[in-house]
Amino acid sequence: MLATGVAATPASAAPDPGAVAPSARERALAFWTPQRMREATPLDVLSVDRSDVQASAPRKGKATVVAPSTPAADPGPLAIPNGGGPWTGGGAVTKTAGRVFFTYQGRTASCSGNAVTSANKSTVITAGHCVKLEGAWHTNWVFAPGYHDGQTPYGKWTAAKTLSTPQWTASEDINYDIGAAVVAPLDGKKLTDVVGGQGLAFNTGYNKAMYAFGFPAAAPYDGEKFIYCSGTTYRDFLLSSDHGLTCDMTGGSSGGPWFTQFDEATGTGLQSSVNSFKYNFLPNAMYGPYFGADAQNLYQSAQSS
């Protein structure tokens, strides 16, 4: 799924499992009424027991940074730490981040996601389990950037294609819980031409000052507010190779972006992870996958689609 080479596709080949037909995109756009979005059940932040995780260190590569395509400035004062609360700082992140809605196992569900700088101007980064879970790719997938209080001020963007890392696609390995969507144009415009795109950072190490954002919809949250956590991350000392952060966000925040070099004045940063999972025995800690070589390959595959 993430091959970089180009090969001829036999006429009998199976379709790309993450591809979405135009007719299905039209149905998804009509499906997501304001009422359905409000009633969507938050997809749980993955809950992990000690027996669930097999440590597999992410493949490393050269440190790489993709600059934001939104206005940037020198970083100002940082509101660190914060264990979870409404984001009142404004800035670009209130446009690039949004809620993700989809159908999963016959029910409506929600996650979070973020628009990033990309060659196709149409790439959204989220969690792997927000595009595929328990062996099935989600349907009726849409991204609502800038969502708040039931409103979609920048529209609903339907996925033309959803992708994940090969490790998540094959076996849903928690260390590689990263997903992406390539969204179709809306009203003749491309996503980041409308909302801007955040930067990205790959292979830049652990123990960083980070900000995590999302739309948690499970109690005590309701999915209508944009919530953030901030602090200095640490490498998971238990069972995964993820970043850890003190954070009380709940289900629905999955797939929300984590930023390094985040500037509160402009709301811009370098996306370096996503909300992924919590240990059952550590409810106030959120974990996000390390953006290594496989995350970078996923991004390249998405932006070239």
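This report covers strand pairing, disulfides and salt bridges in one protein model. The model is predicted.

**Strand 14 and its neighbours**

Start with strand 14, which spans residues 209–214. Five of its six residues are buried, so the strand is mostly covered. Strand 14 pairs with strand 15, residues 227–232. The two run antiparallel, and six bridges join them. Within this pairing, Phe213 has Tyr228 of strand 15 as its bridge partner.

Strand 14 also pairs with strand 18, residues 257–263. This pairing is antiparallel too, and it rests on two bridges. Here Ala212 stands opposite Trp258 of strand 18. In a regular strand, side chains alternate between the two faces of the sheet.

**Two disulfides**

A disulfide is a covalent bond between the sulfur atoms of two cysteines. How many disulfides does the count give? The count comes to two.

One joins Cys111 to Cys130, with 2.2 Å from S to S. Where do these two cysteines lie? Cys111 is in strand 6, residues 107–115. Cys130 is in the loop between strand 7 (123–126) and strand 8 (132–133). The pair therefore ties together parts that are 19 residues apart in sequence. The torsion about the S-S bond of Cys111 and Cys130 is about -80°, so this disulfide is left-handed. Is Cys111 buried or exposed? Cys111 is buried, because its relative accessible area is 0% and buried means under 20%. Cys130 is also buried, with a relative accessible area of 0%.

The other disulfide joins Cys229 to Cys247, with 2.0 Å from S to S. Cys229 belongs to strand 15, the strand that six bridges join to strand 14. Cys247 sits in the loop between strand 17 (243–246) and strand 18. The two cysteines are 18 residues apart, and the pair links distant parts of the chain. The angle about the S-S bond of Cys229 and Cys247 is 70°, and the link is right-handed. Both Cys229 and Cys247 are buried.

Now number the bonded cysteines in sequence order: the pairing is 1-2, 3-4.

**Salt bridges**

Side chains of opposite charge can pair when their charged atoms come close. The count comes to four salt bridges in this model. The table lists some of them, including the Lys121 pair.

| Lysine | Acidic partner | N to O distance |
|---|---|---|
| Lys121 | Asp193 | 3.2 Å |
| Lys132 | Glu172 | 3.1 Å |
| Lys225 | Asp149 | 2.8 Å |

Take the salt bridge of Lys121 and Asp193. Lys121 is in the loop between strand 6 and strand 7, while Asp193 is in helix 5, residues 191–195. They are 72 residues apart. Lys121 is partly exposed, with a relative accessible area of 36%.

Next comes the salt bridge of Lys132 and Glu172. Lys132 lies in strand 8, and Glu172 lies in the loop between helix 4 (166–171) and strand 12 (179–183), so the pair ties together parts that are 40 residues apart in sequence. Lys132 counts as buried at 6% relative accessibility. Glu172 is partly exposed at 21%.

Then there is the salt bridge of Lys225 and Asp149. Lys225 lies in the loop between strand 14 and strand 15. Asp149 lies in the loop between strand 10 (139–145) and strand 11 (157–164). This pair therefore ties together parts that are 76 residues apart in sequence. Lys225 counts as partly exposed at 44% relative accessibility, and Asp149 counts as partly exposed at 34%.

Conventions: Residues numbered from 1 in each chain as written. Predicted model: local features only at pLDDT ≥ 70, side-chain atom pairs only at ≥ 80, totals over all residues. Heavy atoms only, no water. Buried < 20%, exposed > 50% of the residue type's maximum accessible area, 1.4 Å probe, protein only. Helix = DSSP H or I, 4+ residues; strand = E, 2+ residues; numbered from the N terminus. Pairing = 2+ DSSP bridges. Disulfide = S-S within 2.5 Å. Salt bridge = Lys/Arg side-chain N within 4 Å of Asp/Glu carboxyl O.
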